[in-house]
Amino acid sequence: MKLRIRGNRSIRMLAAMGATGSLVAVAGLTSPAGATPTVSISVASLVPGATAAATAAFNKQVAQFERANPGIHVKSTQYDWTGPTFAADLAAGTLPTVFTVPFTDGRALGQAGQLANLTKYAEQYPWFKEFNPAVIAEGTDAKGRIIAIPEAAYAQALQYNRGLFVKAGLKPNSPPTTWAQVESDAKAIVKADPNAAGFAVMGASDNTAGWILTTLTDAFGGRVETGVGAKAKATFDNPGTVAALNMIHTMRWVDNSMGSKFGLSWGTSNQAFAAGQVGMFISGSDVYTNMVQAYDINPGIYGLAPLPLQGKNAGVLGGGTLAAVKPTASPNQIAAALKWINFYYMQPLSTRQGAIRNANALLAQKQPIGVPEFPVLNKQAFVLAQKWIKPFINVPVKQMASFTNGILNDPLIPEPESVTQAIYGDLDSVVQSVLTDPNANIPALLNAANATGQASIATGNAPS
Amino acid sequence: MRAWPIRRKPRKRDDAGPQSFVLSSDWRRPSVRWGLGTTHVVLLILLIIIGLGPILWLAKSALTPTLDTITSPMAWFPHGLTWSNLSSAWTNVDVGLYMRNTVVIALGSWAFQIVVATTGAYALSVLRPKYGKVIMALLLTTLFVPAVVLLVPLYVEVVHPPLIHTSFVNNYLAVWLPESASAFNVVLMKRFFDNLPREILEAARIDGCGPFRLFVSIVLPMSRPILGVVSIFAVIASWKDYLWPLLVLGNPNLQPLSVRLPNIEQFTPLGVFLAALALTCVVPIVGFLIFRRLIVRGSGLSGALKG
Amino acid sequence: MAIDRMIPELQGQESGRATQEATRTPRVSGARRRPATWVKRGGLSKLLFLLPLLIVFGAFSWYPIVRLVMMAVQHTNLVQRATWVGLSNFSLVIHDPLFPIAVKNTAIFAGLALVFGYPVPLIVAVLMSEVRRLRGLYAVLAYLPVVIPPVVAVLLWKTFYDAAPNGVFNTILGWVGIGPQQWIQSQAQAMPSLVLESTWANAGSTIIIYLAALVGVNQELYEAAAVDGAGLWKKVWHITMPQLRAVLLVTLILQIIGTAQVFIEPYLFTQGGPANATLTVMLLIYNYAFGNSLGASYGKAAALSVMLVGFLAVFSLIYLRATRTWSRQ
């Protein structure tokens with residue numbers, strides 16, 4: 001999902017803050033590719049709106065990198081992935097040398113020749129062999145070329161407000177494990193606090209509504225798309241999607257337990273949750289970071305649980321962020337870009353020094369450390385990285401335990417392969433209809449949307 | 001020299017008021033006096049609520065803690081004032097930087113528009129080349145094509161300009177130049193030049209004044225009123241522009257406030273965001289109060305501009 | 001032409017046409033035959049003065065117009081060479097299920113904008129024209145929303161439209177015993193909500209146009225009517241309204257032309273949602289061209305733009321005729 005990037009990037013933004021030269025042992029920076037002549041690259045830095053301190057700290061990080069790599073000059077530019085601006089930047093050729101895209105767009109961009117081939121550069125780094133196979137697949141195109149480096153992954157999760165659970169007489173340590181329980185808990189929450197939403201779903205027209213519906217569909221054992229590329233089929237009218245929409249319809253119009261805000265987006269749902277207005281909602285396992293840094297959440301209310309799964313083939317939707325390189329970059333620039341990706345994105349995941357450097361930086365800014373993410377590298381590397389940061393962990397781990405324990409047994413489902421964002425966009429209006437029209441005819445809506453979705457697959461895969 | 005009419009008429013309106021269907025004789029009738037008087041008081045109250053109310057609410061919310069604004073938006077400082085919204089709007093949102101960008105964009109647009117409109121109108125109105133009529137016709141045709149529908153070809157042109165092979169994306173010229181292609185400005189300016197007294201221009205010419213000196217020393221000084229009107233339009237239009245800068249100024253460091261604010265909406269606490277909106281309003285409101293007469297008088301023309 | 005004629009009227013200036021003809025400078029014909037003579041006669045300086053205009057309009061107005069038409073019949077993605085595809089872009093647009101929705105929504109926006117935004121400014125202007133004291137204050141208050149940048153106005157109203165029971169407008173409705181409304185997150189209320197904000201933001205300038213037009217009403221007519229014993233309403237109905245007829249037509253057409261291009265409101269309030277209830281033609285053009293992170297349909301966007309220009313041209317012609325009538329008065 002597109003908005004994930006912001007969350008993940010903001011983690012790094014914080015990672016950049018407060019890092020001081022004395023704290024950082026810059027290791028592993030000597031290039032495996034050998035000495036490079038002077039080369040200049042631009043890199044995506046922080047989200048727009050980063051504080052001055054964060055910017056200064058990021059620049060310090062850049063300076064460290066440049067010191068360790070005298071031949072490389074790094075220029076940082078603010079960067080924010082959104083559908084429209086990305087298309088414009090892509091067309092205009094104004095992307096930085098290193099930028100990030102969501103899992104949803106990586107392969108399609110690679111197929112279209114919009115991303116540099118990183119295969120022979122990436123292979124030289126130790127972490128390359130440690131990738132979780134499902135995750136590196138997101139950065140691999142149909143010909144087996146590496147066109148992007150996965151740098152963060154997440155699984156969808158049920159976020160719940162422990163404070164509201166207590167208020168409603170529910171047990172904050174036993175979050176719902178079935179959708180029927182989600183429904184009844186939501187009713188109980190609304191009964192206890194009529195101003196809150198028992199359960200909320202995103203409903204904005206920026207593909208987030210479709211993203212959540214896809215998550216629910218997977219959790220009910222359905223799929224919104226099968227097959228890959230031009231041969232993909234939109235299957236919006238599957239029983240899983242119908243069940244998910246029926247549940248939303250019941251909670252919205254019969255139980256009246258979904259509150260009053262139906263246009264929530266990724267950020268605004270975090271905001272509403274942090275403000276105590278939402279009992280439960282679905283978002284990535286790592287949104288706690290955003291809730292802390294942007295919305296000042298009271299850690300005591302935060303609870304994280306795995307999504308209830310129902311039916312055969314049910315699974316948890318996962319996603320993540322890829323670091324990619326502009327296709328027009330020269331070989332020297334690509335090599336330099338990979339060094340930056342190694343330093344900034346991969347070392348915190350794969351080396352002790354990198355992990356500690358990152359944790360120290362976060363700590364200095366009192367930002368969350370230890371927010372559950374999905375392993376980008378293999379289990380061994382993941383466990384090691386967890387061990388390295390253990391002394392720094394400052395998030396309410398116990399309140400996230402039911403997620404971290406539960407997710408290990410749940411099947412993880414990748415996002416729809418073909419024209420993912422367009423599929424989400426086509427599903428947005430279905431969710432919105434169910435949320436805003438008590439007489440919404442769910443099968444008819446899905447039928448109509450399915451035709452649009454199939455058309456999106458055809459358009460998106462048309463030879464251009 | 002004849003006085004510029006734009007001055008004359010509205011001043012009369014401000015002083016004496018427009019022609020009124022309620023005559024003094026009507027005012028003497030008690031029913032009229034009470035009826036109209038009450039209507040006017042009601043109208044004033046409604047105008048205050050509707051015209052000023054939202055802005056006052058914004059000002060209030062800029063000084064109210066976020067949580068209070070979310071839970072009870074219409075309450076009057078239930079937990080007191082806070083200045084932190086404004087200060088973090090200034091430091092974290094960096095309103096100052098974006099206001100500076102907005103000003104730079106507006107000033108550049110203004111300069112380009114003035115140069116194009118004055119020189120072009122001068123050539124068409126005073127110098128009158130033979131092909132002037134053709135150019136005028138072509139200019140007037142563009143009035144039928146609203147700028148917004150040229151979005152796609154203009155964007156493609158700015159990204160891949162023909163002849164010059166450098167992208168103009170993230171370059172203020174990409175905003176300034178297209179905005180200066182305003183047929184409305186040229187027509188307005190030309191209409192004014194058409195009405196300049198020809199005797200003075202002829203006299204200057206006979207005295208050996210060349211076209212350049214005629215323009216700089218005679219025509220421009222005589223055109224201060226229309227320069228004011230076009231300047232105000234240029235600055236206001238630029239201040240309000242959104243879609244075009246959104247497309248061509250992808251670099252956040254270059255964006256004007258209008259582009260920046262929607263981008264940060266999701267990531268900014270409500271109180272800080274509203275404070276940023278309030279700060280954004282300060283310059284236009286102060287500018288309006290200073291140039292009130294000029295702006296209000298020109299409003300009818302800007303209505304025509306939208307067509 | 002439309003604005004050409006409108007300007008002198010709005011400024012209370014006599015039409016410039018006659019002046020222009022009367023003061024035409026005598027010109028030596030045939031002067032351009034030899035370059036040296038041409039320069040001597042001022043041909044070069046004429047061209048030099050026109051140069052900024054020619055460059056800017058050539059590059060950013062005339063060329064894009066031609067390019068727009070070309071793009072509408074081409075398939076182009078900026079990377080590969082454009083290919084000629086005839087009218088297939090038009091056919092793709094017309095068969096897009098979103099196209100009729102966008103047209104319908106734009107028509108609804110325009111229609112609602114007329115219902116909300118057309119009579120109110122007129123009534124306010126007529127009443128304001130009778131204010132004897134503090135007229136400046138009335139005008140400032142009426143015009144203030146126009147001063148707020150449109151983006152700020154929309155973002156502010158987005159807060160007002162918070163659908164929670166303790167949202168701004170819902171709180172106010174609560175004071176008078178009306179339950180909370182859904183505003184922009186209801187399919188039925190979203191469009192009226194957008195129009196309401198747009199009316200708030202734009203009514204001020206229409207009021208000012210009417211006020212300016214009211215200046216032009218002949219005072220003697222009122223006095224004559226008063227002698228005949230006509231009451232206030234009769235005077236408004238039989239004298240003011242007929243005299244304003246032309247300006248009313250002009251504002252009507254300007255409003256239709258303006259609302260046909262509505263973009264900022266649906267884009268910033270709802271992004272066309274919920275369930276495409278606020279998808280407008282301009283937003284669809286934008287989505288075709290820039291809305292897909294993986295690539296653009298510039299051809300479809302250009303085809304729809306051409307259709308929009310064609311539609312607007314009809315109204316521009318009516319506008320032209322209307323202002324011509326107006327100028328003659």
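Helices here are DSSP runs of H or I with at least four residues, and strands are runs of E with at least two. Counted that way, chain B has 17 helices and zero strands. The model is predicted.

## Chains A and B in outline

Chain A is built from 18 helices and 11 strands. It has 464 residues, and 61% of them are buried. Chain B has 307 residues, with 48% counted as buried.

Sequence-distant contacts feature in both chains. In chain A, take the contacts with a separation of 6 or more: 81% of them join residues 24 or more positions apart. For chain B the corresponding share is 74%.

## Domains of chain A

The domain assignment splits chain A into two parts, each made of two segments. Domain 1 covers 4-154 + 319-401, and domain 2 covers 156-317 + 418-461. Where do they meet? On the domain 1 side, the elements giving two or more residues are α1 (4-16), α4 (103-111) and α16 (397-406) of chain A. α1(A) provides the largest share, five residues.

In total, 20 residues of domain 1 of chain A are in contact with 17 residues of domain 2 of chain A. By class, the domain 1 side has 10 nonpolar, seven polar and three charged residues.

## Domains of chain C

Chain C also has two assigned domains. Domain 1 runs over 25-72 and domain 2 over 87-328. Their C-alpha centres lie 38 Å apart. Four residues of domain 1 of chain C are in contact with seven residues of domain 2 of chain C. On the domain 1 side, the residues in question are four nonpolar, no polar and no charged.

## Contacts between chains

Chain B touches both chain A and chain C in this model. With chain C, the contact involves 100 residues of chain C and 99 residues of chain B. Which element of chain C gives the largest share to the side that touches chain B? Helix α4 (residues 43-72) of chain C does, with 16 residues. By class, that side of chain C holds 70 nonpolar, 23 polar and seven charged residues.

With chain A, the contact involves 21 residues of chain A and 19 residues of chain B. Three elements of chain A each give two or more residues to the side that touches chain B: α3 (83-92), α11 (266-274) and α12 (288-295). α3(A) gives the most, with five residues. The class split on this side of chain A is nine nonpolar, 10 polar and two charged.

The table sets out the residue classes of the sides described above.

| Side | Nonpolar | Polar | Charged |
|---|---|---|---|
| Chain C, touching chain B | 70 residues | 23 residues | seven residues |
| Chain A, touching chain B | nine residues | 10 residues | two residues |
| Domain 1 of chain A, touching domain 2 of chain A | 10 residues | seven residues | three residues |
| Domain 1 of chain C, touching domain 2 of chain C | four residues | no residues | no residues |

## A helix pair in chain A

Helix α9 (residues 208-219) and helix α10 (residues 239-254) of chain A cross at roughly 115 degrees, and their axes come within 8 Å. α9(A) is therefore roughly perpendicular to α10(A), because angles of 65 to 115 degrees count as such. The crossing of α9(A) past α10(A) is right-handed.

Which residues of α9(A) and α10(A) meet? A:Leu213, A:Leu216 and A:Thr217 come from α9(A). They meet A:Gly240, A:Thr241 and A:Ala244 in α10(A). This contact has three nonpolar, three polar and no charged residues.

## A helix pair in chain B

Helix α7 (residues 132-142) and helix α10 (residues 183-194) of chain B pack with axes 9 Å apart, at an angle of about 130 degrees. That angle makes α7(B) oblique to α10(B). Is the crossing left-handed or right-handed? α7(B) passes α10(B) in a left-handed crossing.

From α7(B), the residues are B:Leu139, B:Leu140 and B:Thr142. Opposite them in α10(B) are B:Ala183, B:Val186 and B:Val187. The contact of α7(B) with α10(B) comprises five nonpolar, one polar and no charged residues.

How values were computed:
Residues are numbered from 1 along each chain as its sequence is written. Chains are lettered from A and ligands numbered from 1 in the order in which they are written. This is a predicted model: local features need pLDDT of at least 70, side-chain atom pairs count only at pLDDT 80 or more; totals for chains, interfaces and linings use all residues. Two residues are in contact if their C-beta atoms, placed from the backbone, lie within 7 Å. Ala, Val, Leu, Ile, Met, Phe, Trp, Tyr, Cys and Pro count as nonpolar, Asp, Glu, Lys and Arg as charged, and the others, Gly among them, as polar. Domain bounds come from an automatic or database domain assignment. A residue is buried if 20 or more other C-beta atoms lie within 10 Å of its own, exposed if 12 or fewer, and partly exposed in between; C-beta atoms are placed from the backbone. Axes are lines fitted to C-alpha atoms, for helices over the stretch in contact, and angles run from 0 to 180 degrees between N-to-C directions. Angles under 35 degrees count as roughly parallel, over 145 as roughly antiparallel, 65 to 115 as roughly perpendicular and the rest as oblique. A crossing is left-handed if the near helix is turned anticlockwise from the far one by less than a right angle, and right-handed if clockwise.
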